[in-house]
Structures are given as structure tokens and as C-alpha cells.
Amino acid sequence: MRILGIETSCDETAIAVLDIAGPRMRPRVRILANVIASQAELHAKFGGVVPHLAKREHQRNLVSVLLMALKEAGELKPKKRNQNQGLTAKNRILQAILDREPDLFARMVPEVTSRPAPKVDAIAVTVGPGLAPALWVGVNFARALAFLWGKPLIAVNHLEGHIYINLIPTAWRSGAFLPMPSFDFPALALIVSGGHTELVLMPAHDRYRIIGETLDDAAGEAFDKVAKMMGFGFPGGPIISRLAQSGDAEAFRFPRPMIGTANFDFSFSGLKTAVLYTIRGLKRLPPRTKRDIAASFERAVVDVLVAKAVRAASEHRVHTVLIGGGVAANRKLRDELGRALKKTMPGVHYLLPDVRLTGDNAIMIALAAYFHRHGRITWRGLEANANLRLRRSR
Ligand code: KG4
Ligand code: ZN
């Protein structure tokens, strides 16, 4: 089965093509294409992602990202010479689908409608959560392709993608068939990104129950804000974690909010404020102090995430623990969670995503779509939902 995935929920325009074969629940996967156009540099100037600029950039980038992905997958067919009458009628429907994305429509006509459909069985697209204007571009582009090529659509939750990317082995390379590990259910996913911090219990594929989440800031957001307080750019997570490596994590004693509460919820705004007051109370902020603040802050965040994840894993007797989302790139978090699980639940299966794939990409969207048990729809029935949540299991 070949799935083309599309991701535009935030500031990456991404398209991937996967070839998935073998036993239904334990297949092998081949990454045929993985193209990402990042807008990070543009948004960095504004200190965060600007939704209408993200929409504009997705419109500008999607067609070239698609062409690159099809080329990588060996599926870029030459343009047909004779454009017939039927195409004009088709173009009118395409124009209606892309009514809100005229710039995308204009780029699509000369490059996409003039080529035969590629060999793919379905188109998977992120429908939420994310920035509404950004999501809609991807959703309407997917609808346009599904209409044009006569393919079914699969609607994917962005967070499912961050979970399923754990099934791509770290030694992956494009073009080779890779054996996938399996999720031994029940599984627990710790999702940590710029917009989300959630503990999700999975009793089976495609079934989710949120057992805890942040009551205020997301973990990645806290990293970004602390970086900003010290005058660093956006996104701040990678900067803070790099500084933390050479800092003293004992130098400042920051709070570990909600670490002892009986539930699995999180809160990071108090920690963020504590860092702010510390910085304000210092006369100077030399590089050495910045490194110590970064290390002490990172230690506090990791302590809370690890404590809650380990307790959730043991209380719910899970067989697999995995992490996903941008913050899953954090070395300290990866190592400390592994160490804590080894101590308290030595038999548990601990999966980690490849650090090249912890950020937003479309491999994760195509892969999550494969494990959906149902839900193929036509181009007419698809909508974006900026506040989409992982379904609760029955
Ligand atoms: O999943 P993602 O790429 O986008 C969202 O869906 O939000 O996550 C981005 C977040 C940002 O807040 C970024 O600062 C954070 O992930 N991040 C990190 C690291 N790398 C990225 N946070 C801590 N340590 C890192 N190494
Ligand atoms: Zn993400």
C-alpha cells in the first residue's frame, strides 16, 4: 500500500510517500520520499509562528514540495501534451475546492493538473490540531489532489503522527524496506511539543485515552519562553538544551510544579515565572549563568515529565512507553526517562523516535494513516479542526 502524506499544521510544509507491505499489523515500511520546506527562519523574526504568514508560505511551497516528493519517489510523470476539454471542467471544480487558496490554485494548474496521477493508494493529511489557516491549506490541497487523481483521503490527527513515528527504526534510510517494531499494548505515549503536553493511553492501534495534560503552557512553549527571557531566538528548545549540556543543573533550585499530585496533569507556567523572577533578581546575566539557568530549568521540566510518565506507566501496567513531539529530541528527557523506566519497570518496551523525525514531517502522517481501522473519505467530506483532540476510547 502506498500512502502520500501531507502536513501543514504549523510552520513546516511537508510531503512524504510511504510504501507499506507485509502482515497487516506488523508490516515493513519503505520511505520513498520525505520532503520538508521549513518556514522557521521567517517566523523566527517574529519570535513565534505567525498564522497568516504560515498560510501564505504553505500556498507558495506545496506544489514544489509535491513535485520534489513525487520525483524522489520516482512517480513524477511527464506533462501530457494535449489538454482536452475535460480539464477545463475539472479546473472549475479545483478552483472551487481552492477558493480560499487562490495562490495555490494558480500554481497547481500548470504543474499538477497536466500530469497523470502517481501510483498511490491513498492521501493522508493532517486535519488538526494546529493553526487553522495553516491546516486548511493542507486539507484543501489534499482534497484537490484526491479529486484530481480519484484517490481516497485519510484524516490524521497531528499528535497520532508524533506517536506513530516511533515505529520508524532509527537506522532508517530512504528507499530500503525497514522492519517496524510493534507497539505492545497497552502503550503509554508522552507527547511533548510546542503546543501540547499529554499523557495518552493506547489500548490498541487507533484508540486513545488522554489521562493527563498541561493545565497551562506546553513543555516546548516553556522552553521557548525561557530562551526568549535570556535573549535567544525562536524556537528556543534546541538552544536551551544545547546550553544546558555545559551548565550546572544544581545551580538554581526551580520548582517542579505538580510533581507530587495524584493525577497525571502538568503545569509549567509557575516554573516559567520562577525563572523570570530569578533572571530579574540577577544584576548581570553572563554566559555561565545562562548555561546554569538553562540546565536547572531543563532538569526541572524533565523531572516532572519523567515522574508523571513513570507513575502513569506503572499504574496502568503498560507494556510500551514512547515519547513524541518536538521536545522528544531532548537528550536529557530521552535518557532520564529510559533510566527511570529501567529501574522501576525493567520489562517495559521503551521506544524513542529518531531525532531526525521528532519535528513535524509527513512520514508520521502517512504512517499513522496506515493504522487507522476505518475512515477513508472522499474529497467532499474533509474539514480541518484546529482544536481536534485524540479520541477517547470507549
Ligand atoms: O512538534 P513540534 O515540532 O511542533 C509542534 O507541534 O509544536 O515541536 C516544537 C517544539 C518547540 O517548542 C521547540 O522549542 C521544542 O519542540 N524543541 C525542544 C527541542 N527541540 C525542539 N525542546 C527541548 N529540547 C529540544 N532539544
Ligand atoms: Zn508537531
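Let's start at glycine 150. Its phi is positive, near 65°, and it comes right after helix H5. Keep in mind that this is a predicted model.

Now H5 itself. The helix runs over residues 132-149, 18 residues in total. From first C-alpha to last it reaches 25 Å, close to the 26 Å expected at 1.5 Å a residue. Is H5 mostly covered or mostly open? Mostly covered: 15 of its 18 residues are buried.

Step back along the chain, to the loop between strand S4 (122-128) and H5. Proline 129 sits there. The peptide bond from glycine 128 to proline 129 is cis, with omega near -10°.

There is another cis bond to show you. It joins phenylalanine 234 and proline 235, with omega about -10°. Proline 235 is in the loop between H7 and H8. As background, most residues other than glycine have a negative phi, and most peptide bonds are trans.

That brings me to positive phi outside glycine. Methionine 258 has a phi near 65°. You will find methionine 258 in the loop between H8 and H9. Arginine 317 has a positive phi too, about 45°. Its place is the loop between H10 and S10. Is arginine 317 buried or exposed? Exposed, because its relative accessible area is 67%, and the cut-off for exposed is over 50%.

Move on to strand S10. Threonine 320 lies in it. Threonine 320 counts as buried because its relative accessibility is 0%. What does threonine 320 touch, leaving out residues up to four places away in sequence? The list is Phe183, Asp184, Pro186, Ala187, Leu188, Val348, His349 and Leu351.

Next, the core. The largest nonpolar core has 50 residues. Those with the most contacts inside it are Leu190, Leu199, Phe254, Phe297, Leu305 and Leu333. Several elements each supply at least two residues of this core, among them strand S7 (187-192), strand S8 (197-204), helix H10 (287-315) and helix H11 (331-344). Which element gives the most? H10, with 14 residues. In general, nonpolar side chains in soluble globular proteins tend to be buried together.

Take leucine 333 from that core. Setting aside neighbours within four places in sequence, leucine 333 is in contact with Leu190, Val192, Val302, Leu305, Val306, Ile323, Val327 and Tyr350.

Now the empty space. How many cavities of 30 Å³ or more does the structure hold? Two. The largest has about 50 Å³ of space. Its lining is Leu67, Leu70, Glu75, Leu76, Lys77, Glu111, Val112, Arg115, Pro116 and Trp149. H2 and helix H4 (102-113) each supply at least two of those lining residues. By type, the lining has six nonpolar residues, no polar ones and four charged.

The second largest cavity has a volume of about 40 Å³. Lining it are Met25, Arg26, Pro27, Leu167, Met180, Pro181, Ser182, Phe183, His205 and Phe371. Here the split is seven nonpolar, two polar and one charged.

Last stop, arginine 81. It lies in the loop between helix H2 (51-72) and helix H3 (85-97). Arginine 81 is exposed, with a relative accessible area of 80%. Valine 63 is 18 residues away along the chain, and the two C-alpha atoms are separated by 20 Å.

Key: Residues are numbered from 1 along each chain as its sequence is written. Chains are lettered from A and ligands numbered from 1 in the order in which they are written. This is a predicted model: local features need pLDDT of at least 70, side-chain atom pairs count only at pLDDT 80 or more; totals for chains, interfaces and linings use all residues. Side-chain values use heavy atoms; hydrogens and water are left out. Helices (H or I, at least four residues) and strands (E, at least two) are DSSP runs, numbered from the N terminus. The expected span of a helix is 1.5 Å times one less than its number of residues. Buried means under 20% relative accessible area, exposed over 50%, partly exposed in between (1.4 Å probe, protein chains only). On a 1 Å grid over the protein atoms alone, a cavity is a set of points where a 1.4 Å probe fits but cannot get out, and a pocket is an open set with protein on both sides within 12 Å along at least five of seven lines; lining residues have an atom within 4 Å of a point. Grid points are joined across faces, edges and corners, and a volume is the space filled by probe spheres set on the points. Ala, Val, Leu, Ile, Met, Phe, Trp, Tyr, Cys and Pro count as nonpolar, Asp, Glu, Lys and Arg as charged, and the others, Gly among them, as polar. A nonpolar core is a set of buried Ala, Val, Leu, Ile, Met, Phe, Trp, Tyr and Cys residues joined through side-chain atoms within 4.5 Å. Contact means heavy atoms within 4.5 Å.
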